[in-house]
Amino acid sequence: MPTSLIKKIDEKYHLRHFAWVIVIIASIIQMVGSTIRNVFGVMVDPMSETFGWSQGQIGLGYAIAALCTALFSPVSGIIGDLIGARKTMAIGTVLFLVGMVWTATASSIIEFYIAYGVVLGIAQSIYLVPIVPAVVSWFKRGTGIGTGAMMVAWSIGPALSIQALAICFEYFGWQNTFLIFGIFGSIIIAVCLLFFYDSPEKKSTLPYGWMSTDNKSEIKGILWNSKSQKLIFKTDSFWHLVNIHFWGCVGHAVILVAVIPMAVNQGISLVAASGVLSIIAIASIFSRFTAPIIGDKYGSKPIIFISFLGQGLSVLLLLNASTIFDFYLFAILFGLPYGGEGTVVPIINKQYYGRFPMGTTYGWQLFGAGIGMAIGGVIPGIVFDITGGYVFAIWVSALSSLWGALIVLMLSSTKEMIVEYST
Amino acid sequence: MGEIPYKGLGMVIITVLVSLALLIYIGADYSESRIKNRVSHGNSTDVWWERSFILVCPLH
């Protein structure tokens, strides 16, 4: 890259500001944390071979992990607000290490449920929840580009980790892979946490985008307190956002679980059908990055509405999809709104609630998302068992997203904050 | 700003009720198909959760 271009980018985005170090650290932690969920698809067969457990028994471990992540999300958020994201993630790293090593050495299905389902499920919620509000707190302006850059890790992380895991499984076996990823992942996160600060105030610096004309009282650290949090709970938009997360996740969980079987059901080969998920992932990278930037600049409500509407309407294409072209076209049209749907939420939180610590609020929103993912994930299988097809599941997905879009319209305007904190 | 966020909580309650209704309907449908499948194979085993779903669902 020519030095003049780097200089121009540096002038525009202040690349030496510590906020970017925080974004990089958050992205790495998100990538390592994503291993917990992504490892599952590759470990079913080896575990089944080792212990003779059925796919259903192992699948229950995934369901327990998903449920624990969802149920523990509000708790992770509260802990993050009380003791700070850094200390919370240090606890999460201990849990991650214990969970990975325990899963590797588990010899009974109950041990597996506790190690993978409960311990790693909780570790995942700790990696997902407090880090996002911490990153947002580092930005006074330009929150969109900071959040967008971090959210891209959600797409790239799985793509990289799943390949690395598959290769390690092949060479070292699944138990050693768990040990390797557990130990190295924990070391990487521990090193990252050494350089991590919960907020600019804790590093005695100013947030990214701070201007001399800004209100100086904001420079003093904004501490979490239950009185201000109750003010947030008393806004309709807080509940709408939990609800919107739920419906959005039901909408895409159905598709993410069922789109490959749907394509295979139409006579498309498994390899070609797998490409649908890859295209969704690639298309979503673009919108994960751009949606927070647009939301930050022009208001988050329209971008969330368009994303939900797009997600709901694009799913209807599957009703008549029969060729690989139909499925790939669907993947692009679905992947774009799917990527933009949830990534704007940290931005809208900031537009509504300012720089008040957002862990508890975001934790409740991810609780809605987690429950939605769990319910949406089981619908296609049951529907297929009953009806022998996926039409009903497609309608459930489409209507969930469209209902979510309707609730988005009920959100307050993002032009100004909707709470007034007493000082 | 009101003391109780009626609209927000109201929509959450609607979500819970719709989800429960959907769960009961799909659960009852699934139970019915499982029972029919067993009966066609000459098996009349009674499973408590299948019976419960069908009992609770007004459409089955």
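**Exercise 1. How much area do chain A and chain B bury between them, and how much of it is on carbon and sulfur atoms?**

Before we start: this is a predicted model, where local features need pLDDT of at least 70, side-chain atom pairs count only at pLDDT 80 or more, and totals for chains, interfaces and linings use all residues. Residues are numbered from 1 along each chain as its sequence is written, chains are lettered from A and ligands numbered from 1 in the order in which they are written, and side-chain values use heavy atoms, leaving out hydrogens and water.

Step 1. Get the term straight: buried area is the accessible area (1.4 Å probe) that two parts lose on being put together, summed over both.

Step 2. Read off the result: chain A and chain B bury about 1700 Å², with 75% of it on carbon and sulfur atoms.

Step 3. See who supplies it. Lys234(A), Trp239(A) and Ile386(A) give 33% of the area that chain A buries against chain B, more than any other three residues.

**Exercise 2. Describe the side of chain A that touches chain B.**

Step 1. Count the residues in contact (heavy atoms within 4.5 Å): 20 residues come from chain A and 19 residues from chain B.

Step 2. Look for polar contacts. These are pairs of N or O atoms within 3.5 Å; within protein, one must be able to donate a hydrogen and the other to accept it, and residues adjacent in sequence count only if both atoms are side-chain atoms. The interface has 6 residue pairs of this kind, both at pLDDT 80 or more.

Step 3. Find the elements. Helices are DSSP runs (H or I, at least four residues), numbered from the N terminus. Helix 8 (226–233), helix 9 (236–265), helix 14 (359–387) and helix 15 (391–409) of chain A each give two or more residues to this side. Helix 9 of chain A gives the most, with 6 residues.

**Exercise 3. Which side chains form the salt bridge across the interface of chain A and chain B?**

Step 1. Apply the rule: a side-chain nitrogen of Lys or Arg must lie within 4 Å of a carboxyl oxygen of Asp or Glu. Across this interface that finds 1 salt bridge.

Step 2. Name the partners: they're Lys234(A) and Glu3(B), at 3.1 Å, N to O.

Step 3. Place them. Glu3(B) sits in the segment before helix 1 (6–40) of chain B, while Lys234(A) is in the loop between helix 8 and helix 9 of chain A.

Step 4. Check accessibility (buried is under 20% relative accessible area, exposed over 50%, partly exposed in between; 1.4 Å probe, protein chains only). Glu3(B) is exposed at 58%, and Lys234(A) is partly exposed at 29%.

**Exercise 4. Is Glu50(B) buried or exposed, and which residue does Glu50(B) form a salt bridge with, its closest N and O atoms being 2.5 Å apart?**

Step 1. Take the accessibility: at 0%, Glu50(B) counts as buried.

Step 2. Find the partner: Arg34(B) forms that salt bridge, with the closest N and O atoms 2.5 Å apart. Arg34(B) lies in helix 1 of chain B and Glu50(B) in helix 2 (residues 48–56) of chain B, so the pair ties together parts that are 16 residues apart in sequence.

Step 3. Compare the labels: Arg34(B) counts as partly exposed, at 30%.

Step 4. Widen the view: Arg34(B), Arg38(B) and Glu50(B) are linked in a network of salt bridges.
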